[in-house]
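Work through the exercises below with the sequence and the model in view. Each task is followed by a solution in steps.

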Amino acid sequence: MQIDTIRWVSGKDPDHLPGLVRLIDQTRLPLELHYIETRALEDILHALRVLQVRGAPAIGIAAAMGVALAAQHALEKGNDLSAAVAEAAEALAATRPTAVNLSWALQRMRRVAGAGAGLPDRDRVVQLIREARRIRDEDEAICRRIGEHGAALLRDGQSVLTHCNAGGLATAGYGTALAPVYRAQEEGRRIHVFADETRPLLQGARLTAWELGRAGIACTLICDHTAACVMREGRVDAVLVGADRIARNGDTANKVGTYGVALHARHHGIPFYVCAPVSTFDPHTADGAAIPIEERRAEEVTEGFGPRTAPPGVAVYAPAFDITPAELVTAYVTEKGILQPPFEFEDYA
Ligand code: MRU
């Protein structure tokens with residue numbers, strides 16, 4: 001099931017200027033499907049920080065489009081284009097440090113900006129917009145291939161467990177960890193999904209349950225700590241999760257709580273699959289210890305969705321992600337097939 005998570009909008013002619021970015025405000029789900037339209041880099045920075053757009057591939061797409069907006073703005077104002085791109089990329093890179101798709105997408109944008117130096121500014125802006133749109137469109141195709149490879153692991157009537165949201169909302173529209181489920185459904189198989197609610201920001205409850213319901217896929221929402229119970233009860237055939245960054249040795253950063261799910265899965269002999277595009281594999285990071293982990297505000301834990309649920313002033317530790325060691329991962333489902341470390345991609349350098 002395809003969701004229109006984020007796209008560049010520019011009228012009939014894709015190169016028409018100025019264009020704008022249209023994205024789902026995910027903080028308003030599941031109550032309301034609301035789209036934001038923006039021509040300002042600042043709005044993209046805000047959207048990334050408050051998780052209006054989130055999930056590693058969607059973060060990369062938003063960052064690329066943020067650079068394109070900054071370039072477009074510089075053209076309108078007659079400002080230095082290279083400087084605008086460099087400043088935008090620096091600000092965007094700081095928003096979500098764990099998701100490597102962010103720096104990967106920014107690197108692509110910087111390369112296009114550099115290659116266009118010497119051309120008229122308008123042509124450079126058009127090239128940057130095209131690259132941002134390409135990153136989005138490629139993601140859609142890549143996720144479909146992840147779905148094809150992953151669906152081969154699933155049989156009719158099986159039940160999978162997932163943590164956080166690595167679905168259409170976390171990508172251009174088809175998902176990574178949920179892609180095999182969508183693909184299996186397209187092939188006529190019924191898969192049931194246990195969705196961990198995913199404390200503290202409830203991406204599983206708010207987003208995964210919403211998008212699976214919309215797609216007509218049977219979903220049971222569970223509290224995070226119920227995952228071990230349903231595994232013990234023999235009700236989980238496989239775990240499918242996404243990733244924010246995968247180190248060279250296969251250690252995987254994903255939403256905090258994923259590590260615990262992987263330990264439970266190993267204890268119960270359940271396969272644990274990480275589903276991610278090659279752009280989430282970081283050739284510059286040897287192992288999980290070297291992955292920077294984003295820390296979130298204490299208020300997201302103490303009063304995330306309404307009244308305060310902890311005493312004022314209590315010390316809070318709120319890492320957004322944790323590291324699942326490679327030894328707990330059964331396999332990595334990518335657009336290039338089902339892989340094991342060490343990873344050797346020709347475009348992985
Ligand atoms: O903080 P978030 O909501 O951006 O975290 C998202 C996740 O942890 C996802 O599982 C990961 O980015 C993979 S998305 C395909």
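**Exercise 1. Empty space**

Task: State how many cavities of 30 Å³ or more the structure holds, then describe the lining of the largest cavity.

Solution. The coordinates are those of a predicted model.
Step 1. Searching the whole structure gives 3 cavities of 30 Å³ or more.
Step 2. The volume of the largest cavity is about 190 Å³. Its lining counts 25 residues, and Arg54, Gly55, Ala56, Asn165 and Asp244 are the closest to the centre.
Step 3. Sorted by class, the lining of the largest cavity has 12 nonpolar, 9 polar and 4 charged residues.
Step 4. At least two lining residues come from each of H2 and strand S9 (252–255). H2 gives the most, with 3 residues.

Task: Repeat the description for the second largest pocket.

Solution.
Step 1. This pocket encloses about 310 Å³.
Step 2. Its lining consists of 15 residues; nearest the centre lie Val50, Leu201, Arg296, Arg297 and Glu300.
Step 3. The class division of this lining is 9 charged, 4 nonpolar and 2 polar residues.

**Exercise 2. A helix pair**

Task: Describe how H2 and H3 pack, and give the handedness of their crossing.

Solution.
Step 1. Helix H2 covers residues 56–77 and helix H3 residues 81–93; the angle between them is about 150° and their axes are 9 Å apart.
Step 2. H2 and H3 cross in the right-handed sense.
Step 3. From H2, the contact takes in Ala63, Gly66, Val67, Ala70, Ala71, Ala74 and Leu75, and from H3, Leu81, Ala84, Val85, Ala88, Ala89 and Leu92.
Step 4. The contact of H2 with H3 involves 12 nonpolar residues, 1 polar residue and no charged ones.

**Exercise 3. The sheet**

Task: Give the strand order of the open sheet of 7 strands and explain why one side of S6 and of S13 is left without a neighbour.

Solution.
Step 1. The order is S6-S5-S4-S7-S10-S12-S13, with mixed pairing.
Step 2. S6 (219–222) and S13 (337–339) are edge strands with a single partner strand each, so one side of each has no neighbour in the sheet.
Step 3. On average, neighbouring strands are turned by 25° against each other, direction ignored.
Step 4. Within the sheet, S4 (residues 159–162) pairs with S7 (residues 238–241) in the parallel sense over 2 bridges. Val160 has Ala238 of S7 as its bridge partner.

Task: Which strands do helices H7 and H9 touch?

Solution.
Step 1. Helix H7 (residues 203–214) packs on the sheet against S4, S5 (192–196) and S6, and its direction makes about 165° with that of S5.
Step 2. Helix H9 (residues 258–267) also packs on the sheet, where it touches S4, S5, S7 and S10 (272–275); its direction makes about 145° with that of S10.

Definitions and conventions:
Residues are numbered from 1 along each chain as its sequence is written. This is a predicted model: local features need pLDDT of at least 70, side-chain atom pairs count only at pLDDT 80 or more; totals for chains, interfaces and linings use all residues. Side-chain values use heavy atoms; hydrogens and water are left out. Axes are lines fitted to C-alpha atoms, for helices over the stretch in contact, and angles run from 0 to 180 degrees between N-to-C directions. Helices (H or I, at least four residues) and strands (E, at least two) are DSSP runs, numbered from the N terminus. A crossing is left-handed if the near helix is turned anticlockwise from the far one by less than a right angle, and right-handed if clockwise. Contact means heavy atoms within 4.5 Å. Ala, Val, Leu, Ile, Met, Phe, Trp, Tyr, Cys and Pro count as nonpolar, Asp, Glu, Lys and Arg as charged, and the others, Gly among them, as polar. On a 1 Å grid over the protein atoms alone, a cavity is a set of points where a 1.4 Å probe fits but cannot get out, and a pocket is an open set with protein on both sides within 12 Å along at least five of seven lines; lining residues have an atom within 4 Å of a point. Grid points are joined across faces, edges and corners, and a volume is the space filled by probe spheres set on the points. Two strands pair if DSSP finds at least two bridges between them.
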